[in-house]
Amino acid sequence: MRVRELVDEVPVVGPDDPVLDAVRTMWRQRVPGLVVVDGRGHLMSVLSVAEVLCSVIPSYVGEDALLARVIDEGHADDFLAECAGRKVRDCLPRGHRGPAAVSPDATVLEAAASMASTGCPLAAVVADDGRVLGAVSWHALLDRLLTTTRPRTSPTDA
């Protein structure tokens with residue numbers, strides 16, 4: 001099976017869009033992330049809720065979650081409120097890895113590998129000319145796996 005058979009439309013955002021609008025879109029449409037495109041509609045990145053949270057949680061809390069217990073609710077709310085003034089570009093993943101992306105001719109395994117290597121819950125499906133055609137999510141991959149996989153039986157079960 002090829003990714004083109006699983007591709008879904010997914011909301012796209014620009015790097016200068018308000019991040020709270022992006023989060024609201026994810027919530028309303030029940031998608032694990034959004035595709036970020038430049039002015040020509042070409043893939044820049046994929047933004048997930050996890051990346052938004054990582055951008056507002058202090059790094060020392062991200063390194064040791066137990067430290068979150070010593071932060072009172074008021075200060076915790078302040079960290080989350082910082083999202084209000086941020087743009088999508090402020091929350092994009094940093095580092096040398098590119099976004100999870102595959103061609104429409106990619107196999108399901110290639111899409112899964114792309115998501116696994118980037119830690120992203122969806123992979124953008126990108127045409128040869130760089131246009132984003134949509135995305136394939138972990139949900140679509142699991143749905144495909146669960147509907148095509150039959151329980152194995154051992155010779156003693158027969």
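This report walks through the fold, the sheets, the nonpolar cores and two individual residues of the protein shown above.

**Overall picture**

Keep in mind that this is a predicted model. The protein has 158 residues, of which 37% are buried. Its secondary structure amounts to six helices and six strands, and along the sequence these follow the pattern β-α-β-β-α-α-α-β-α-β-β-α. If you like contact statistics, take the contacts between residues at least 6 apart in sequence: 56% of them join residues at least 24 apart. The exposed surface comes to about 10100 Å², and carbon and sulfur atoms supply 55% of that area.

**Two open sheets**

Let us start with the sheet that holds S1, S2 and S3. This open sheet has its three strands in the order S1-S2-S3, and the pairing is mixed. Strands S1 and S3 stand at the edges with a single partner strand each, so one side of each has no neighbour in the sheet. Strand S2 runs antiparallel to S3, and five bridges join the two. Within this part of the model, Val-35 stands opposite Val-46 of S3.

The other sheet is also open, with three strands in the order S4-S5-S6 and mixed pairing. Here S4 and S6 are the edge strands, each pairing on one side only. S5 and S6 run antiparallel and are joined by five bridges, and Leu-122 stands opposite Ser-137 in S6.

For quick reference while you turn the model, here are the strands whose residue ranges come up in this report.

| Strand | Residues |
|---|---|
| S1 | 12-13 |
| S2 | 33-37 |
| S3 | 43-48 |
| S4 | 101-102 |
| S5 | 122-126 |
| S6 | 132-137 |

**Nonpolar cores**

Which residues touch the most other members of the largest nonpolar core? They are Val-3, Val-35, Leu-43, Val-102, Ala-111, Val-136 and Leu-141, out of 24 residues in that core. Several elements each supply at least two residues to this core: S2, S3, helix H5 (108-118), S5, S6 and helix H6 (138-148). S5 gives the most, with five residues.

Val-136 is a handy place to look at this packing. Apart from its neighbours within four places in sequence, Val-136 is in contact with Val-3, Leu-6, Ala-111, Met-115, Leu-122, Ala-123, Val-125 and Leu-141. There is also a second, separate core of 12 residues, which includes Val-13, Val-31, Val-36 and Val-88. As a general background, nonpolar side chains tend to be buried together in soluble globular proteins.

**Two residues worth a click**

Arg-30 sits in the loop between helix H1 (19-29) and S2. Its phi is near 55 degrees, a positive value in a residue other than glycine. Is Arg-30 buried or exposed? With a relative accessible area of 73%, Arg-30 is exposed, because the cut-off for that label is over 50%.

Ser-114 belongs to helix H5. At 12% relative accessibility Ser-114 counts as buried, because that value falls under the 20% limit. Which backbone atom does the side chain of Ser-114 reach? The partner is the backbone nitrogen of Ala-101, at 3.2 Å. Beyond its neighbours within four places in sequence, Ser-114 is in contact with Ala-100, Ala-101 and Val-102. Of these, Val-102 was listed above among the residues that touch the most other members of the largest nonpolar core.

Technical notes: Residues numbered from 1 in each chain as written. Predicted model: local features only at pLDDT ≥ 70, side-chain atom pairs only at ≥ 80, totals over all residues. Heavy atoms only, no water. Pairing = 2+ DSSP bridges. Helix = DSSP H or I, 4+ residues; strand = E, 2+ residues; numbered from the N terminus. Core = buried A, V, L, I, M, F, W, Y, C linked by side-chain atoms within 4.5 Å. Buried < 20%, exposed > 50% of the residue type's maximum accessible area, 1.4 Å probe, protein only. Contact = heavy atoms within 4.5 Å. Polar contact = N/O pair within 3.5 Å; in protein donor to acceptor, adjacent residues only side chain to side chain. Areas by Shrake-Rupley, 256 points an atom, 1.4 Å probe, with all protein chains shown as cover.
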